[in-house]
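Please open the model in your viewer and keep the selection tool at hand. The tour below goes from one selection to the next and says what is found at each stop.

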Amino acid sequence: MKLPKFMNAVIMTAAITMGGSAVQAQQAGGSMVFLVQPEPPTMAGYVSTSGPIGLLGPKIYDGLFDYDNDGKMIPVLAESYDTSADGKTVTFNLRKGVTWHDGKPFTSADVQFTIMEVLKKVHPRGPNSFKEVSSIDTPDAHTAVFNLGNPAPYMLRALSAYESPMVPKHLLEGQDIKSAKLANNPVGTGPFKFTEWKKGQYIRLDKNESYWKEGRPYIDRIVGRFIPDASTRAAAMEKGEVLYAAYNAVSNVEAVRLNKEKDNISVTTDGYSMINPMALIEFNTKEGPFTDAVVRRAISTAIDRQYMIDTIFFGYGNPATSALSSNFAATGLHAEMPHYPATGDIAAANQMLDDAGYKKDSDGVRMKAMFDLIPYGEDWKRGGQYIQQVLGEIGIDVELRYEDVPTWLKRVYHNYDFDMNLNYFYQLSDPVLGVHRHYGTNMIRKGTHFVNSSRYSNADLDALLGAGMTEPDAEKRSAIYMEIQEILARDMPVVNLFELEFLTVYNTKLKGAYGSAMGAYSSFADAYLD
Amino acid sequence: MNRSSKILRYVAKRLIQGIPIILAIVVMNFFLLNLAEGDAVDVLAGEAGSATPEYMEEMRKKFGLDKPLPVQLAVYLKNVVQLDLGRSHRHDMPVTELIVDRLWPTLLLMTSTIMLAVGFGILLGLFAAINLNTWKDAMISVFALITYATPLFWVGLMMIILFSIKNDWFPTSGMENSAAFYEGLDRVKDIAHHLVLPTITLSLFYLALYTRMMRASMLEQYGQDYVITARAKGLTERRITFVHVLRNALLPVVTMAGVQVGALIGGSVIVESVFAWPGLGMLAFESLFARDLNLLLGIFLLSSVLVVAVNLVVDIIYCFLDPRIEVN
């Protein structure tokens with residue numbers, strides 16, 4: 001049903017008002033124990049985007065904005081923003097009366113310091129997100145004016161507490177930010193304060209009584225528990241010892257079972273759209289058997305993506321149809337491309353290789369290769385085994401290699417000692433933030449993880465990526481990314497497999513924790529226990 | 001010279017001998033661990049999502065990982081001699097603090113497991129030997145065989161399913177209730193409650209070992225000449241068993257228990273992982289994958305000290321069990 005725009009607005013307003021009046025029914029108090037897997041190294045979300053830090057950090061630190069499940073910006077530390085006509089000045093009006101957990105006031109100086117000295121310098125993705133920010137003016141304590149070299153529309157998608165947490169200037173200034181004490185004793189403006197970290201057991205956060213949002217948070221205490229064994233995690237969920245488990249901390253097979261057998265346990269795939277994970281194969285385009293784009297296209301054609309999703313990931317996922325995720329369709333940055341058949345076409349793939357002159361020998365083998373697998377668990381091993389089988393059918397004989405994380409990272413991103421590599425990347429909320437790093441010539445960085453390990457370099461593409469980054473007009477931007485997708489579907493330095501759907505398993509006792517597009521990486525200020 | 005001063009001199013001598021052994025272990029561990037590909041910086045940067053090469057170089061410099069290996073070793077040895085185990089790169093905390101934090105849950109699990117396993121093992125072995133070749137003996141042997149052959153992680157999971165999910169008797173995992181945070185005596189009770197399942201799981205395996213060993217050892221002693229002599233003197237069977245045979249039969253069991261204290265630290269990784277018990281085994285396991293070598297070396301150092309110490313204690317227990325064994 002299509003409603004006129006104003007009707008939508010009316011309904012939205014009504015929904016918000018009703019949501020507001022329902023507040024009375026929400027109970028305050030209680031402890032919310034959830035799974036954090038694995039145990040994080042520190043709690044410095046401003047230095048590391050590591051998953052488990054993301055589960056805890058946003059409860060302690062606020063961002064300027066949050067995003068709802070439709071991608072709309074929700075004001076947090078910034079009440080509103082204003083972009084100038086040329087797109088080169090963005091003014092943030094900050095919330096008044098916000099204090100850090102140690103009682104000091106939060107001001108525009110903190111915002112300036114966080115962006116310029118912390119995120120732009122030591123955050124893994126910050127230099128990208130805030131690349132165009134040349135300076136920040138602070139005309140008063142509650143106004144921060146970002147001066148940009150070029151328009152940077154993607155920047156507004158990177159302001160969440162997970163992606164860009166606001167940190168206290170007075171506790172970091174003049175110190176080496178990477179080794180500052182704040183990493184293990186976090187002090188933020190968020191709804192929960194850090195209380196205790198029992199290594200090997202849990203991290204405990206307690207309610208911030210002076211949180212800026214009236215009456216929030218509802219919950220008295222949040223505890224993140226570490227349980228190394230996957231079966232025990234499922235048992236703890238089943239028993240109700242933990243109430244929430246995101247990012248497949250409870251495996252798909254157990255999640256599906258619990259969802260079916262238990263009335264009080266449910267699953268959702270919401271809360272991952274800003275993360276946008278994509279399973280893929282990276283190829284070594286400089287050495288080895290995959291220097292020819294025809295072979296890479298044939299591989300993409302042969303793989304039955306739907307089969308992988310159905311049999312290995314219990315139906316959770318969508319076949320990839322381009323270098324960009326279909327989640328970008330909302331902003332007009334996605335189109336279906338050739339050589340991405342959902343169910344695979346072995347005959348066509350064989351034909352492509354035959355036509356290109358790759359002859360099969362007496363054993364039916366055209367070429368041999370080593371296939372590295374991301375060492376993140378059994379699902380990826382099984383995925384590798386499936387692909388091994390399919391490639392066998394088109395005459396590519398691959399051997400699987402599964403190592404531990406440091407060995408694998410060093411091999412792929414430092415030594416480039418690989419032929420093809422099964423992996424997954426976060427495409428994040430905009431291609432500039434999550435996808436450019438995979439293809440740009442400037443992202444061939446020896447020793448940096450999760451960048452252009454294919455060492456693919458194409459001057460035309462580089463120019464387009466540059467243009468896509470600064471183009472403020474939505475339609476023109478869409479055209480640029482169309483061209484980018486066409487080039488990548490032709491050259492295929494990376495073959496996308498499918499858009500992963502992570503599962504969040506939760507006890508229905510926990511309510512109000514599902515409204516943010518950041519999912520588990522959100523603040524839980526509105527969460528309550530029934 | 002009297003016995004106690006003899007023992008003291010012996011202990012002092014053994015302790016001095018232990019120092020070069022421990023140092024050799026440290027040096028060997030250092031080189032062995034450095035054979036692994038990748039370092040702590042690779043792992044940290046990998047988890048962080050992405051990091052620039054300059055940033056990684058800077059981190060290596062900060063951790064001292066940019067220096068050649070022999071220099072790193074010299075620095076480490078110098079620190080160890082001053083009883084400083086360095087900092088964990090991953091946790092950004094002193095190694096000693098991390099280890100001490102995990103030591104007491106480890107000791108708790110280890111002591112309760114050894115007491116349960118050795119205690120019940122001795123009893124069951126004794127009972128089996130007394131009732132040789134009856135149905136009681138057969139039952140005990142079958143029980144020992146099954147518990148010995150069953151993988152620990154499976155036993156652990158079955159325990160959780162049976163006693164935690166099907167019957168709400170024990171918590172699934174962890175060391176304390178992390179929703180309630182008890183204090184004082186309630187906390188002690190809570191920890192004891194959490195300790196039951198992991199202790200039973202871990203001791204089942206060792207229990208089987210001690211049962212079979214005790215049984216065999218008893219039977220061997222029964223065949224000795226001194227038993228015949230005792231019978232000829234007219235002693236009761238009860239006195240022969242409990243005063244003469246039992247004491248002699250205990251020697252190999254005590255030896256075994258001593259050797260296994262060292263193994264228990266590492267061998268409990270599976271149980272610690274299944275029950276989320278915050279012990280040293282899990283810490284060592286995680287630090288290996290994080291290439292947190294300082295921490296790993298610290299744990300190894302501690303366990304080698306522990307093994308040397310326990311062996312010494314076992315040797316001294318021998319003297320009391322069998323007065324014919326003398327220290328010198």
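## Two helices, two chains

In this predicted model, begin by selecting helix 6 (residues 230–239) of chain A together with helix 7 (residues 152–166) of chain B, whose axes come within 11 Å and cross at roughly 5°. Angles under 35 degrees count as roughly parallel, and the two helices, helix 6 of chain A and helix 7 of chain B, are therefore described as roughly parallel to each other. To see what touches, show the side chains of Ser231(A), Thr232(A), Ala235(A), Glu238(A) and Lys239(A) on helix 6 of chain A, and those of Leu157(B), Ile160(B), Ser164(B) and Ile165(B) on helix 7 of chain B. If you colour this contact between helix 6 of chain A and helix 7 of chain B by class, you will find four nonpolar, three polar and two charged residues.

Now widen the selection to the whole contact between the chains, to which chain A gives 44 residues and chain B gives 43 residues. On the side of chain A that touches chain B, the elements giving two or more residues are strand 1 (31–35), strand 10 (221–225), helix 6 and helix 12 (405–413) of chain A. Helix 6 of chain A supplies the largest share of that side, with six residues. By class, the residues on the side of chain A that touches chain B are 16 nonpolar, 15 polar and 13 charged.

## The nonpolar cores

Which residues of the largest nonpolar core touch the most other members? Select Phe34(A), Met237(A), Val242(A), Tyr244(A), Ala245(A), Leu497(A) and Val505(A), which hold that place in a core of 201 residues. Helix 8 (residues 184–222) of chain B gives the most to this core, namely eleven residues. If you centre the view on Phe34(A) and set aside its neighbours within four places in sequence, you will find Phe34(A) in contact with Gly224(A), Val242(A), Leu243(A), Tyr244(A) and Ala245(A).

Apart from this core there is another one, made of 16 residues, including Tyr76(B), Leu85(B), Leu283(B) and Leu302(B). Zoom in on Leu85(B), which sits in the loop between helix 4 (69–81) and strand 1 (87–88) of chain B. Is Leu85(B) buried or exposed? Leu85(B) counts as buried because it has 22 C-beta neighbours inside 10 Å, and a residue needs 20 or more to be called buried. Not counting residues up to four places away in sequence, Leu85(B) touches Val80(B), Val95(B), Thr96(B) and Gly298(B).

## Strands in chain A

Next, select strand 7 (residues 143–148) of chain A and follow its alternating side chains, where Ala144(A), Phe146(A) and Leu148(A) point to one face and are buried, while Thr143(A), Val145(A) and Asn147(A) point to the other face and are not. Add strand 5 (residues 89–94) of chain A, which runs antiparallel to strand 7 of chain A and is joined to it by five bridges; here Thr89(A) stands opposite Asn147(A). Then add strand 6 (residues 133–140) of chain A, which is also antiparallel to strand 7 of chain A and joined to it by five bridges, with Val133(A) and Leu148(A) as bridge partners. A hairpin of two residues links strand 6 to strand 7 of chain A.

Move on to the open sheet of four strands in chain A, which has the order 1-10-9-8 and mixed pairing. Strand 1 and strand 8 (192–198) of chain A stand at the edges, and each has a single partner strand, so one side of each is left without a neighbour in the sheet. Strand 8 of chain A pairs with strand 9 (residues 202–207) of chain A in the antiparallel sense over six bridges, and Trp197(A) stands opposite Ile203(A).

## Backbone details

Most residues other than glycine have a negative phi, and most peptide bonds are trans. With that in mind, select the bond from Gln37(A) to Pro38(A), which is cis, with omega near -10°, and notice that Pro38(A) is in the loop between strand 1 and helix 2 (51–60) of chain A. Arg216(A) and Pro217(A) are likewise joined by a cis peptide bond, with omega about -10°.

Finish with Phe450(A), a residue other than glycine with a positive phi near 60°, found in the loop between helix 14 (436–439) and helix 15 (459–470) of chain A. Phe450(A) counts as buried, with 24 C-beta neighbours inside 10 Å.

Key
Residues are numbered from 1 along each chain as its sequence is written. Chains are lettered from A and ligands numbered from 1 in the order in which they are written. This is a predicted model: local features need pLDDT of at least 70, side-chain atom pairs count only at pLDDT 80 or more; totals for chains, interfaces and linings use all residues. A nonpolar core is a set of buried Ala, Val, Leu, Ile, Met, Phe, Trp, Tyr and Cys residues joined through C-beta atoms within 7 Å. A residue is buried if 20 or more other C-beta atoms lie within 10 Å of its own, exposed if 12 or fewer, and partly exposed in between; C-beta atoms are placed from the backbone. Two residues are in contact if their C-beta atoms, placed from the backbone, lie within 7 Å. Axes are lines fitted to C-alpha atoms, for helices over the stretch in contact, and angles run from 0 to 180 degrees between N-to-C directions. Angles under 35 degrees count as roughly parallel, over 145 as roughly antiparallel, 65 to 115 as roughly perpendicular and the rest as oblique. Ala, Val, Leu, Ile, Met, Phe, Trp, Tyr, Cys and Pro count as nonpolar, Asp, Glu, Lys and Arg as charged, and the others, Gly among them, as polar. Two strands pair if DSSP finds at least two bridges between them.
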